[in-house]
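User: I'd like to learn how to read strands, sheets and pockets in a model like this one. Could you walk me through it?

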Amino acid sequence: EALKASSQALSTVLRLTKRDGAAMLAFEYTMPGVAAGSAIQQFLPVEAILTDEQAAVIRELSVPEPEFQLYFPGVHVLKSMVDRMKSLGAHHVRVKVQKGPEGDKATMEVACESGQAQVATKFPNLAITMEQKALPCPDFAEVVMPISRLQSLIGVCSVGVQRTVLCVAQGRALLVYMGLSHGVGTFMCVAPVSTE
């Protein structure tokens, strides 16, 4: 809810603070139509803060350069489709990208299978971006992952995002770069195929 509210705000400040001795994330919003100088505040408890020793053993996921980077405007359509797939009892989803004949566009197919049905949706003519990419795109790339991971990734993408670039790292992960509303920055989220 805090992220949804911030997507409508003129500005958002996020601070780590303490309130009544408990760690909190404090969101402070300036909303359109609210009198100057007044802001809306929301506090969310922080469940656990890692010690230095705990943080030292956390290892960042290593993902090679993705085979495809696609401008992807269809996040809401994908969310609806993945929710439908899960309601059919699907546990895994396959995301397959095929480069088009001109090389500057691709088609992404998202598919799943359950005991009840097979569901697949194609997103044609997605623009390929080569921004910060050294290697050319292959003809094809694919990942298969738990549907819950794709749902989590989509959930992050649907709030306050102006531009989405979906990346496919063959057999390893889906990555999403999100240009945040009002040009305040970029956020990246990774959904690995496994937890190795």
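Analyst: Sure. Let's begin with pairing: two strands pair if DSSP finds at least two bridges between them. Keep in mind that this is a predicted model. As a first case, His92 stands opposite Pro146 in strand 8.

User: Which strand pairs with strand 8, and over how many bridges?

Analyst: That's strand 5, residues 92-99, joined to strand 8 by 7 bridges, with the two running antiparallel. Further along, Arg94 has Val144 of strand 8 as its bridge partner.

User: And how does strand 5 pair with strand 6?

Analyst: Antiparallel again, this time over 6 bridges. For a residue pair to look at, find Gln98, which stands opposite Thr107 in strand 6. These two strands make a hairpin with 5 residues between them, and there Gly103 takes a positive phi near 90°.

User: What order do the strands take in the sheet?

Analyst: Read across, the order is 7-6-5-8, an open sheet of 4 strands with antiparallel pairing. Strand 7 (118-127) and strand 8 (140-146) are at the edges; each has a single partner strand, so one side of each is left without a neighbour in the sheet. On average, neighbouring strands are turned by 15° against each other, direction ignored.

User: How should I think about the two faces of a sheet?

Analyst: In general, side chains of a regular strand alternate between the two faces of the sheet. Here, helix 3 (residues 75-87) packs on the sheet and touches strand 5, strand 6 (105-113) and strand 7. The direction of helix 3 makes about 20° with that of strand 6.

User: Which residues other than glycine have a positive phi of about 55°?

Analyst: Have a look at Asn125 and Gln132. Asn125 is in strand 7, while Gln132 sits in the loop between strand 7 and strand 8.

User: Is Asn125 buried or exposed, and what about Gln132?

Analyst: The cut-off you need is that exposed means over 50% relative accessible area. Asn125 comes out at 58%, so it counts as exposed. Gln132 is exposed too, with a relative accessible area of 79%.

User: Now for pockets. What's the idea behind finding them?

Analyst: Rolling a probe the size of a water molecule over the atoms shows where empty space is left. In this model, the second largest pocket holds about 330 Å³ of space.

User: Which residues lie nearest the centre of the second largest pocket?

Analyst: Gln69, Glu131, Gln132, Cys167 and Tyr177, out of 18 lining residues. You've met Gln132 already, as the loop residue between strand 7 and strand 8. By class, the lining has 9 nonpolar, 5 polar and 4 charged residues.

User: Which strands supply at least two residues of that lining?

Analyst: Strand 4 (68-71), strand 9 (161-169) and strand 10 (173-180) each do. Strand 10 gives the largest share, 4 residues.

User: How many residues of strand 10 are buried, and which strand does it pair with over 7 bridges?

Analyst: Buried here means under 20% relative accessible area. Strand 10 is mostly covered, with 6 of its 8 residues buried. The partner over those 7 bridges is strand 11 (residues 186-192), and the two run antiparallel. To find the register, start from Gly179, whose bridge partner in strand 11 is Thr186.

Definitions and conventions
Residues numbered from 1 in each chain as written. Predicted model: local features only at pLDDT ≥ 70, side-chain atom pairs only at ≥ 80, totals over all residues. Heavy atoms only, no water. 1 Å grid on protein atoms, 1.4 Å probe; cavity = no way out; pocket = protein on both sides within 12 Å on 5 of 7 lines; lining within 4 Å. Points joined across faces, edges and corners; volume = space filled by probe spheres on them. Nonpolar A, V, L, I, M, F, W, Y, C, P; charged D, E, K, R; others polar. Axes fitted to C-alpha atoms, helices over the stretch in contact; angles between N-to-C directions. Contact = heavy atoms within 4.5 Å. Buried < 20%, exposed > 50% of the residue type's maximum accessible area, 1.4 Å probe, protein only.
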